[in-house]
Amino acid sequence: MAQNIFAVLYLVTLVLVFLIYHQTSKVPPFVFFFMCCASYRVHSIFVLRLFNDPVAMALLFLSINLFLAQCWSWGCCCFSLAVSVKMNVLLFAPGLLFLLLTQFGFRGALPKLAICAALQVVLGLPFLLENPIGYLSRSFDLGRQFLFQWTVNWRFLPETIFLHRAFHLALLAAHLSLLLLFALCRWHRTGESILALLKDPSKRKVPPQALTPNQIVSILFTSNFIGICFSRSLHYQFYVWYFHTLPYLLWAMPARWLTHLLRLLVLGLIELSWNTYPSTSFSSAALHLCHAVVLLQLWLSPESFPKSIQPSRKTH
């Protein structure tokens, strides 16, 4: 029964992902065959292993659909629900914060952020009342150690380096630095200081423009992908954290040097890396190489976010 439920969850997730891709109109149709049929690992994670990662990602994709429909409050509610299932969804949070500030300014974004925080408090209230220290220390344990035997992305490192605190801090610094670079140089292109995002949109020098579907999806997917690239460890079930976003990241940004064949090759190597068990130095290195190619084309893309203006719709 549980496997049947997760099979339905898999189909629902695909529908939510297809709705997102339909609104962006960037990925060629033939790519969806590979998304649906070519990943043994993803099918295993959903229907055989019954991990909670797919549940979190289904809620996350639902929240993105709500953002695309300009239902920001309901989207933040679903986003917080996704975080309550699995904290990996927080990798999308920097992108979401940027979008909220762009759309509403600092004061306007506060109610949306309050929705996210309030839902976490409500869901955690039974545990906070019983054992607040234990709940907070274990539920949000950002310093926990991962087992080297399960790592997919750092197998080529000695275990001592993999477990060293300095290595973890270096990854965190690289993660935050690259997020800042993308926010300053790729996401924010109005010509004003990025601090202008704190102002009410009506008071900015550059007239406010409605966010396009591609801007919303690009920023959220890129924010998550940067976090994946600098994760301390990736276990096999973590593949669903970004599997459904890879076609968009590879095809939505114009890059003449990256042909259709090369993009499919990148997808294939990523899939092969995640299907290699146990992971090897070569599979881990190949995964990082593919991630580097995706990051490079995201950075070098001449027009990451289209300038066309969508008709503004009522925001909630």
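## Aromatic contacts, a buried helix and a cavity

F18, Y21, F32, F221 and Y248 come together as one aromatic cluster. The model is predicted. Across the whole structure, a search returns 23 aromatic pairs.

One of these pairs joins F182 and W299. Their ring centres are 5.2 Å apart and their planes meet at 70°, so the pair is edge-to-face; the cut-off for that class is over 60 degrees. The contact links distant parts of the chain. F182 belongs to helix 9 (residues 165-187), whereas W299 belongs to helix 13 (residues 281-300). The two residues are 117 residues apart.

Are the two partners buried or exposed? F182 is buried, at a relative accessible area of 2%. W299 is partly exposed, with 30% relative accessibility. W299 also has a charged neighbour: R186 lies over its face, 5.7 Å from the ring centre.

Y239 and F243 make another aromatic pair, also edge-to-face. Here the centre-to-centre distance is 5.2 Å and the angle between the planes is 70°. Y239 is buried, at 1% relative accessibility. F243 is buried as well, with a relative accessible area of 8%. Both values fall under the 20% limit, so both residues count as buried.

A charge also meets a ring at F104. The charged end of K112 sits over this ring, 5.0 Å from its centre. The two charge-over-ring contacts described here are set out below.

| Charged residue | Ring | Distance to ring centre |
|---|---|---|
| K112 | F104 | 5.0 Å |
| R186 | W299 | 5.7 Å |

Helix 10 covers residues 213-229, which makes 17 residues. Its first and last C-alpha atoms are 24 Å apart, close to the 24 Å expected at 1.5 Å a residue. How many of the residues of helix 10 are buried? The count is 16 of the 17, so helix 10 is largely enclosed by the rest of the structure. F221, a member of the aromatic cluster, falls within the residue range of helix 10.

The search for enclosed space finds 2 cavities of 30 Å³ or more in the whole structure. The second largest cavity holds about 30 Å³ of space. Which residues line the second largest cavity? They are Q145, F146, F162, L163, H168 and R232. By class, this lining has 3 nonpolar, 2 polar and 1 charged residues. H168 falls within the residue range of helix 9, the helix that also carries F182 of the edge-to-face pair with W299.

Terms used. Residues are numbered from 1 along each chain as its sequence is written. This is a predicted model: local features need pLDDT of at least 70, side-chain atom pairs count only at pLDDT 80 or more; totals for chains, interfaces and linings use all residues. Side-chain values use heavy atoms; hydrogens and water are left out. Rings of Phe, Tyr and Trp (its six-membered ring) pair if their centres lie within 6.5 Å; planes under 30 degrees apart count as stacked, over 60 as edge-to-face and the rest as tilted. Helices (H or I, at least four residues) and strands (E, at least two) are DSSP runs, numbered from the N terminus. Buried means under 20% relative accessible area, exposed over 50%, partly exposed in between (1.4 Å probe, protein chains only). A charge sits over a ring if NZ of Lys or CZ of Arg is within 6 Å of the ring centre and within 35 degrees of the ring normal. The expected span of a helix is 1.5 Å times one less than its number of residues. On a 1 Å grid over the protein atoms alone, a cavity is a set of points where a 1.4 Å probe fits but cannot get out, and a pocket is an open set with protein on both sides within 12 Å along at least five of seven lines; lining residues have an atom within 4 Å of a point. Grid points are joined across faces, edges and corners, and a volume is the space filled by probe spheres set on the points. Ala, Val, Leu, Ile, Met, Phe, Trp, Tyr, Cys and Pro count as nonpolar, Asp, Glu, Lys and Arg as charged, and the others, Gly among them, as polar.
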